[in-house]
Structure formats: structure tokens, C-alpha cells
Amino acid sequence: MLEINNSFLFQTMLKNAVFLGFSAGMLGVFISYQRRSIEINALSAGSFVGTLLLLLMSSFGLSISPYIFGQVDKDIYSFTGSILGILIMITILNMLYKTNKLHPHIIQSLMTAVLLGVGITLVTSIKQAGGALDSGIDVYLFGEATSLTDEKFYFLRIITLTVIVLLLLFFRRLRVVIFNIDMAKTTHFHTMYYVHLINIFVVCLVALSVKLMGVFLAVSIFLIPAVTARLWSNRLFIITLLSGFFGGIGGGIGAVIAGNISNVSSGISITIVLSMMFFISLLIAPYKGLLGVWLRGRK
């Protein structure tokens, strides 16, 4: 348990969760309209396995510093492994899309199941072997906000703020790309540049969210705020801002709960908070909420 008022670590953890929740919520709107939710699960699984493999390689002497299991070194390896795992997963998925007639969602689900099986096997092997890697390995299953230390905070803040600013700056063109890419290709701006921009955002935020949310729940911080925001408005820009707001609030409240209740993972607490916000919105939202629909039906 962490003291709210006196602990710098607690304040840092709270800021991490809010920044990551806000940026992931905003990006989640574009992901939801592109119907990429299952792909996020596959990328999270790839990030999970990539991190574990690179940490295992570091334990056999592949390290960039003599302090193999130092905190900063572990953070570097975990984030690098996450990025590499996601990139390899994207490459494999693209190859399978071209060589199979199966629906992309089926391919993504199969790859998610396979990699989760591989990851759980690696975790079991690491726990049985014991040693330095055994400590903190559960972070990647259900998340732990305190794993994002002050050394990583500025790095996380730079990435999340960059995502937020670029999403707002290129909002109009990104909107055209996600809704009608064929029409976007007839215009004078480079369509694929914005497609790759969204993909880069996805790679970076999934790699960061796995440590906060865990591999099983990483998709929730992207999609639940987006679905909740769509209950409150029909305008995409308002939905994007509301989704970021819900993601930031849910991440912050979930981090507070996880930091003050022992044996509660941040991924679980944040998902519960986001789910409560969704169900409350489902009841009282004026446009698509059950209460609003009922009142309009009576008129």
C-alpha cells in the first residue's frame, strides 16, 4: 500500500496511469472504428512473449550493462522486447492475411491463443527456475502501476503527449482515412503516411499499456473509453475528447485503488472502473442511454 499524500512514487504512478489512459482512450476511438480490437489482443500477446524472451536472453549474458538485473536495465529490456514482439506479430499477421482465406479476426484470435500459451509456459518455466527474473514477472499478466517508476515516467510522458498532440493536429485527415480510405487516396495528401502514423501509435501505446494493464486486459483501456464516449455524442471530435477523458479518469481512479488495496492489480482495478463508467453511461447518457431512449419513447 502507498500513502497518497506523502509518496512521490504514488504520485508518479497516478500520473503515469492518467497520461496513458488519456492517450489510449483517444487512440481507442480510431481503433474501434477500424474494428481492430482483436488485433490489439494479438499485439498484446506478441508484446508479452517478446518481453519474456528478451529478458530470458539477458539472463544468459546478453546485456547492455554489467548490472544485468538492474531496474533501469530491466525497463529497457522490457520495453524493447515489447516493441520487437509487436513488430514481429504485425509481420506474421500480414503474411497470414496474404496466404490464407480465413477472416482476419480468426487469424488474430488463433495467434493470440498460441502466443498466450507460449507466454504462460515461459512464465511457468521462469517461476520454477527462480532467480532474479522471477521477481516482478506477474506484472505482465494483470498489470502493476507501480512498475512504471520515476525513471520511466518522462519517457512515457513524452510518448503519450506526442500521441495526443498528433491525434489532435491531424484529426481531420485521420478521420477521412479511417472512414473512407478510398476517398482519402483521391486527395492530395499522403494517405499511407497517416495509416502508418496510427500503426506507430498503436505499437507504442500497446507496449506501454501491457505493464500497466497486463496482457489479458490491455485492450480494455483502448476500447471501453471509446465505447463509453460513443454513448454521449455523435460527433467524432467530441467522442475522441470524451474517450480520452474517460480513459484518464478510469486510469487514475484504478491506480489509486490498486495503490491502496493490497493484492489488487492495476489492470483489474482500472478495467472495473472503466466498466462501471460504461454501465452508468449506458443508463443515463442522453443520446443512446437507456433512460434517454425510454424518455423519448414516452413522448
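Y193 is partly exposed in this predicted model, with a relative accessible area of 45%. That value lies between the cut-offs of 20% for buried and 50% for exposed, which is why Y193 falls into the middle class. Y194, in contrast, counts as buried, at 5% relative accessibility.

Let's turn to the aromatic rings in general. The structure holds seven aromatic pairs. One of them joins F30 and F171, whose ring centres are 6.2 Å apart. Their planes meet at 75°, and because an angle over 60 degrees counts as edge-to-face, the F30 and F171 pair gets that label.

It is worth tracing where these two phenylalanines sit. F30 belongs to helix 1, which covers residues 8-33, while F171 is part of helix 7, covering residues 171-179. The two parts are 141 residues apart in sequence, so the pair ties together distant stretches of the chain. Both partners are buried: F30 has a relative accessible area of 0%, and F171 comes in at 5%.

Now we can come back to the two tyrosines. The rings of Y193 and Y194 also form a pair, with centres 5.0 Å apart. Their planes stand at 85°, so this pair is edge-to-face as well. Here a partly exposed ring residue, Y193, meets a buried one, Y194.

Two further features are worth a look on your screen. F30 and F171 are joined by F237 in one aromatic cluster. Finally, a charged side chain comes into view at Y33: R230 lies over the face of that ring, at 4.4 Å from the ring centre.

Definitions and conventions
Residues are numbered from 1 along each chain as its sequence is written. This is a predicted model: local features need pLDDT of at least 70, side-chain atom pairs count only at pLDDT 80 or more; totals for chains, interfaces and linings use all residues. Side-chain values use heavy atoms; hydrogens and water are left out. Rings of Phe, Tyr and Trp (its six-membered ring) pair if their centres lie within 6.5 Å; planes under 30 degrees apart count as stacked, over 60 as edge-to-face and the rest as tilted. Helices (H or I, at least four residues) and strands (E, at least two) are DSSP runs, numbered from the N terminus. Buried means under 20% relative accessible area, exposed over 50%, partly exposed in between (1.4 Å probe, protein chains only). A charge sits over a ring if NZ of Lys or CZ of Arg is within 6 Å of the ring centre and within 35 degrees of the ring normal.
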